[in-house]
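Hi,

Here is the structure I promised to pass on. Have a look through it first, and then read my notes underneath.

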Amino acid sequence: MMLNWSTSTLTQYRDEPFAFEEEVDLKKDLQARNKDILDLQPVRVEGYVFYSRGDFAVNVTINTAVTLPSTRSLTPVLVPLQFTYDEVYLTDPAHADQYEEDELLLPLNTDHLDLLPGVADNILLAIPTRVLTEEEQQATSLPSGDGWGLITDEQFRAQQDAEKERRNPFAGLADMFDDDDDDANKK
């Protein structure tokens, strides 16, 4: 089975890490979990399993490309994904205090180490929330149409501030007091 090894096999690698390199097809699984995935190229998975302190630490590098709809126009966009992640599979929950707080610790409840679920989860986590075509990235103006238009976050905040100022019941009073009167009162 791919990316799945018995713990007895992995414990033989006490002096050196167990290296692996495989290509897996996760397209159907990930499309079922995320409807935005239009296509997924085969996933190149490589890395090492370290048997240390009675647990299995893994370092995994993922290399694939996912096709997603543009968040602006829904045009399909090929998005390359290449990243590395680390996880520690604990053979005993009591071992957790041996590790740093920021390390991802996962219980290992079987006699096999199966990396496939972690690979799938990490790919889903790596999918960007903002996807644009090359043209959309290069555009200097945002799309608009008859009675509508996209605006930037800064433009939106400026509109909100202007609306808040317009609705302020005391805004009209500011013009009633002249700065010249303030200067005269100070003399």
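A quick convention before the details: two residues are in contact, or touch, when heavy atoms lie within 4.5 Å. Keep in mind that this is a predicted model, where local features need pLDDT of at least 70, side-chain atom pairs count only at pLDDT 80 or more, and totals for chains, interfaces and linings use all residues. Residues are numbered from 1 along each chain as its sequence is written, and side-chain values use heavy atoms, with hydrogens and water left out.

Let me start at the N-terminal end. Asn 4 sits in strand 1 (residues 4-6); helices (H or I, at least four residues) and strands (E, at least two) are DSSP runs, numbered from the N terminus. Leaving aside residues up to four places away in sequence, Asn 4 touches His 112, Leu 113 and Asp 114. Asn 4 is buried, at 14% relative accessible area. Here buried means under 20% relative accessible area, exposed over 50%, and partly exposed in between (1.4 Å probe, protein chains only). Leu 3, in the segment before strand 1, is buried too, at 0%, and has a positive phi near 55° without being a glycine.

Arg 53 also has a positive phi, about 55°, and is not a glycine either. You'll find Arg 53 in the loop between strand 4 and strand 5, partly exposed at 48%.

Now for the interior. Which residues of helix 3 (residues 116-126) are buried? They are Gly 118, Val 119, Ala 120, Asn 122 and Ile 123. Their cover includes helix 2 (27-33), strand 4 (43-52), strand 5 (55-69) and strand 6 (76-90). Ile 62 is worth clicking on here: it belongs to strand 5 and is buried, with 0% relative accessibility. Beyond four places away in sequence, the contacts of Ile 62 include Val 119 and Ile 123, along with Val 43, Val 45, Leu 81 and Phe 83. The C-alpha atoms of Ile 62 and Gly 47 are 8.8 Å apart, with their positions 15 residues apart along the chain.

On to salt bridges (a side-chain nitrogen of Lys or Arg within 4 Å of a carboxyl oxygen of Asp or Glu). The count is five, and these three are among them:

- Glu 21 and Arg 44 pair at 2.4 Å, N to O. Glu 21 is in strand 2 (residues 18-24) and Arg 44 in strand 4, so the bridge ties together parts 23 residues apart in sequence. Arg 44 is partly exposed, at 27%.
- Arg 33 and Asp 121 pair at 2.6 Å, N to O. Arg 33 is in helix 2 and Asp 121 in helix 3, so this pair ties together parts 88 residues apart in sequence. Arg 33 is partly exposed at 44%, and Asp 121 is partly exposed at 35%.
- Arg 157 and Glu 154 pair at 3.8 Å, N to O. Both lie in helix 5 (residues 153-167), three residues apart, about one turn of the helix. Arg 157 is partly exposed at 47%, while Glu 154 is exposed at 54%.

Where does Glu 101 lie? Glu 101 is in the loop between strand 6 and strand 7 (105-107), and is exposed at 85%.

Happy to talk it over whenever suits you.

Cheers
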